[in-house]
Amino acid sequence: MLQNLVDVASSFYSLGADRSAATGLLALLAVASDDIELDRQAIIGVLDRCTTNHFDEVRIAFAQAADWVWAAPCDASGPCRHEAALNAVRAGLQDCRLGDWDPETGARARPRLDGPYEQTLPAVETERLYLTSLVPPLVAAGAASLSDSCVADQAKGLVEVLLDAHARATDHWATEGYENRHSKDSARVIVTLALHSDTGPLKAHAQRFAANSRALYEFFRDLAVLFTYDDDLRPSLSDVWSVAMEAALDAIGDGTELHGNRHWADDALGALLPAPGIDVSDTDIDATLARAREGWLHPDTIADLVARWMRIARQEPKALDALANLGKCAPLEWQRDTGLTWAEQLTDGNYRAIANKCWYLTDWLRTLHSREEMPPDQITRWRCLVDGLAAAGDHRAASLQRIEE
């Protein structure tokens, strides 16, 4: 039984020798030259073993380490390191197609898919795309396409078909409820492309998922987590999020289709608002949030989009929680003024739809209250929210009423 668990492709074991090899081989390829005694052909000859490895973690490690190769100069003699690395990346796509169910193995077959992938990959039916095998090549080719290497143009063509296949597969997997462990890796590629003036993939993914509430939620949550943990990326949050949020809202329209999936619709609507997102492995959440909030976007920078969003997010508990988390990133005066106004508009007078269904709203309201610092109109708005929730049976709001006793 233990051996079977160890052999699961999605298992994690960062100390594995094959994981180290995936990184080390590319480091060697990046420095290999006529002045260094390395067996270049031997290195190139085993690259495919990393990109076609049984373990997903090995493939991702290779894709991320390929940055060293793209940044290295072309070789003066022999096969160019860039071409060799990109050929290995392409090889990783040979098992991205699912076959029929095999009753002997208890799994679906993985018939080999040959290139050129710019032609063969778009022809694979969406339900037969194996998403896990698409992500590492997307990560590696995405970085190559933005590099100054000799394969940049080739990589751009490959990235184009990979992004389309990725969007199709992600949409399908979300519908089926399959887990996509490496979604943040692909989201980073899409964000990086957007920061290099190619916002097409960002818009395309947001628009494609507009009718798939789970896919939409997971995509925007991945974006939030990326900007929460990457200090260098965070200053560009407003630019990137505005593009993605506008594309999603354009496609969602009045929200009728999105609301059709009640299990994920509220999560998706909440995720559209750029509140910080926490990774499940975080061991110091408070410190992470404190650091992220210091450089987070000011809510007023997306006020027009928020106005559109509120029209379809009214009376949604997750939307109010998202507002509470976003509000904490803004100055306290803004929270007590505009923040409370937005909260009042979101509740839309239907406190029963909100009561006892929010995780963060009442805690946020508690931090805002101050008789000394809040003018009468803000106190009135605060009391209206608290009293409305308490009257609807929200026990945490009832405890807030006692603040003024």
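A cavity here is a set of grid points where a 1.4 Å probe fits but cannot get out. Keep that in mind for these exercises on a predicted model.

**Exercise 1. Work out how many cavities of 30 Å³ or more the structure holds, and describe the largest cavity.**

Step 1: Count them. The structure holds two cavities that reach 30 Å³ or more.

Step 2: Get the volume. The largest cavity encloses about 130 Å³ of space.

Step 3: Look at the walls. There are 17 lining residues, and His-166, Thr-170, Asn-180, Ser-183 and Asp-222 sit nearest the centre of the largest cavity.

Step 4: Trace the lining back to helices. At least two residues each come from α10 (152–176), α11 (183–195) and α13.

Step 5: Sort by class. You should end up with nine nonpolar, six polar and two charged residues around the largest cavity.

**Exercise 2. Find which element gives the largest share of the lining of the second largest cavity.**

Step 1: Start with the volume, about 70 Å³ for the second largest cavity.

Step 2: List the lining: Thr-51, Arg-59, Phe-62, Ala-63, Val-89, Gly-92, Ser-133, Pro-136, Pro-137 and Ala-140.

Step 3: Pick out the elements that give two or more residues to this lining, which are α5 (56–65) and α9 (131–145).

Step 4: Settle it. α9 has the largest share, with four residues.

Step 5: Round off with the classes: six nonpolar, three polar and one charged in the lining of the second largest cavity.

**Exercise 3. Describe the largest pocket by volume, centre and lining.**

Step 1: The volume of the largest pocket comes to about 600 Å³.

Step 2: Its lining has 24 residues, and Arg-221, Pro-276, Gly-277, Asn-325 and Tyr-360 are the closest to the centre.

Step 3: Now the helices. α13 (213–229), α15 (262–271), α16 (285–294) and α18 (317–327) each put at least two residues into the lining of the largest pocket.

Step 4: By class, that lining splits into 14 nonpolar, three polar and seven charged residues.

**Exercise 4. Place Leu-38 in the structure and explain why Leu-38 is called partly exposed.**

Step 1: Locate the residue. Leu-38 is in the loop between α2 (17–31) and α3 (40–45).

Step 2: Check the accessibility. Leu-38 has a relative accessible area of 31%. Buried would need under 20% and exposed over 50%, with partly exposed in between. So Leu-38, at 31%, counts as partly exposed.

Step 3: Look at the company Leu-38 keeps. Together with Leu-28 and Val-31, Leu-38 forms a nonpolar surface patch with about 210 Å² of accessible area.

Methods:
Residues numbered from 1 in each chain as written. Predicted model: local features only at pLDDT ≥ 70, side-chain atom pairs only at ≥ 80, totals over all residues. Heavy atoms only, no water. Patch = residues over 30% accessible without salt bridge, like charges linked within 9 Å, V, L, I, M, F, W, Y side chains within 5 Å. Areas by Shrake-Rupley, 256 points an atom, 1.4 Å probe, with all protein chains shown as cover. Salt bridge = Lys/Arg side-chain N within 4 Å of Asp/Glu carboxyl O. Buried < 20%, exposed > 50% of the residue type's maximum accessible area, 1.4 Å probe, protein only. 1 Å grid on protein atoms, 1.4 Å probe; cavity = no way out; pocket = protein on both sides within 12 Å on 5 of 7 lines; lining within 4 Å. Points joined across faces, edges and corners; volume = space filled by probe spheres on them. Nonpolar A, V, L, I, M, F, W, Y, C, P; charged D, E, K, R; others polar.
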